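Please open the model in a viewer and keep the sequence panel in sight. The tour proceeds by selection, with a description after each stop.

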Amino acid sequence: ELTEEEKTTNYRKSYLPDVSDRVLAKHFANFSLPSKEDGFDSISYVWQSEESCAKHLKAWVLEKKLTQRAEDLQPGDWFKDEWPKWQKLY
């Protein structure tokens, strides 16, 4: 028997991740809904409307941007120029 919370859930929750955290952190910003331009003959949204799915995906990506660790950040030229100056002052 499903609980009331489970009845309102429109997608399956898994306890094991499908993708490792490192891979997810690197690629989640490129996630998108399928489109005809991707080569699909037809796209059907069975559980929710396309608008609702797009809204859910956007909210998920924004939440991940707040919480995911950025592994591949590199300092820019400005920082490389300013860092030695700052070290001399302090």
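Begin by selecting W86, which at 45% relative accessibility counts as partly exposed. The coordinates shown here are those of a predicted model.

**Stop 1: the aromatic residues around W86**

Keep W86 selected and add Y90. The two rings form an aromatic pair, with 5.2 Å from centre to centre and 45° between the planes, an arrangement classed as tilted. Y90 itself is exposed, at 69% relative accessibility.

Next, add W83, whose relative accessible area of 36% makes it partly exposed. W83 and W86 both belong to helix α4, residues 77-89, and because they are three residues apart there, about one helical turn separates them. In general, an α-helix has 3.6 residues a turn, so residues three or four places apart point the same way.

How many aromatic pairs does the structure hold? The count is five. Of these, W83 and W86 make a stacked pair, because their ring centres are 5.4 Å apart and their planes meet at 15°, below the limit of 30 degrees for stacking. To complete the view, add F79: ring pairs link F79, W83, W86 and Y90 into a cluster.

**Stop 2: helix α3**

Select residues 50-67, which form helix α3. With 18 residues at 1.5 Å a residue, the helix should span 26 Å, and the distance between its end C-alpha atoms, 26 Å, agrees with this.

Now colour C53, V61 and K64, the buried residues of α3. They lie on the same side of the helix, because they cover an arc of only 65° around its axis. Which element do these buried residues pack against? Their packing partner is α2. Turn the view to the other side of α3 to find the exposed residues E51, K55, K58 and L66.

**Stop 3: L33, in the loop before α3**

Move to L33, in the loop between α2 and α3. L33 is partly exposed, with a relative accessibility of 26%. Display its contacts beyond the neighbours within four places in sequence: these are D38, Y45, E50, C53, A54 and L57. The list includes C53, already seen among the buried residues of α3. For A54, draw a C-alpha to C-alpha distance to L33: the value is 7.0 Å, for two residues that are 21 residues apart along the chain.

**Stop 4: H27, in helix α2**

Keep A54 displayed and select H27, which is part of helix α2, residues 21-27. Is H27 buried or partly exposed? Its relative accessibility is 38%, so H27 counts as partly exposed. The C-alpha atoms of H27 and A54 are 17 Å apart in space, with the two residues 27 apart in sequence.

**Stop 5: the largest pocket**

Show the pocket surface, if the viewer offers one. The largest pocket has a volume of about 980 Å³. Its lining is made up of 25 residues, and Y11, R12, D18, H56 and W60 are those nearest the centre of the pocket. Two elements, α2 and α3, each give two or more residues to this lining. Which of the elements supplies the largest share of the lining? That element is α3, with five residues.

**Stop 6: Y15, in the loop before α2**

Finish at Y15, in the loop between α1 (4-8) and α2. At 84% relative accessibility, Y15 counts as exposed. Draw a last line from Y15 to E71: their C-alpha atoms are separated by 24 Å, and the residues are 56 apart along the chain.

Notes: Residues numbered from 1 in each chain as written. Predicted model: local features only at pLDDT ≥ 70, side-chain atom pairs only at ≥ 80, totals over all residues. Heavy atoms only, no water. Helix = DSSP H or I, 4+ residues; strand = E, 2+ residues; numbered from the N terminus. Buried < 20%, exposed > 50% of the residue type's maximum accessible area, 1.4 Å probe, protein only. Expected span 1.5 Å × (residues − 1). Arc of directions from axis to C-beta. Contact = heavy atoms within 4.5 Å. Phe/Tyr/Trp six-rings, centres within 6.5 Å; stacked < 30°, edge-to-face > 60°. 1 Å grid on protein atoms, 1.4 Å probe; cavity = no way out; pocket = protein on both sides within 12 Å on 5 of 7 lines; lining within 4 Å. Points joined across faces, edges and corners; volume = space filled by probe spheres on them.
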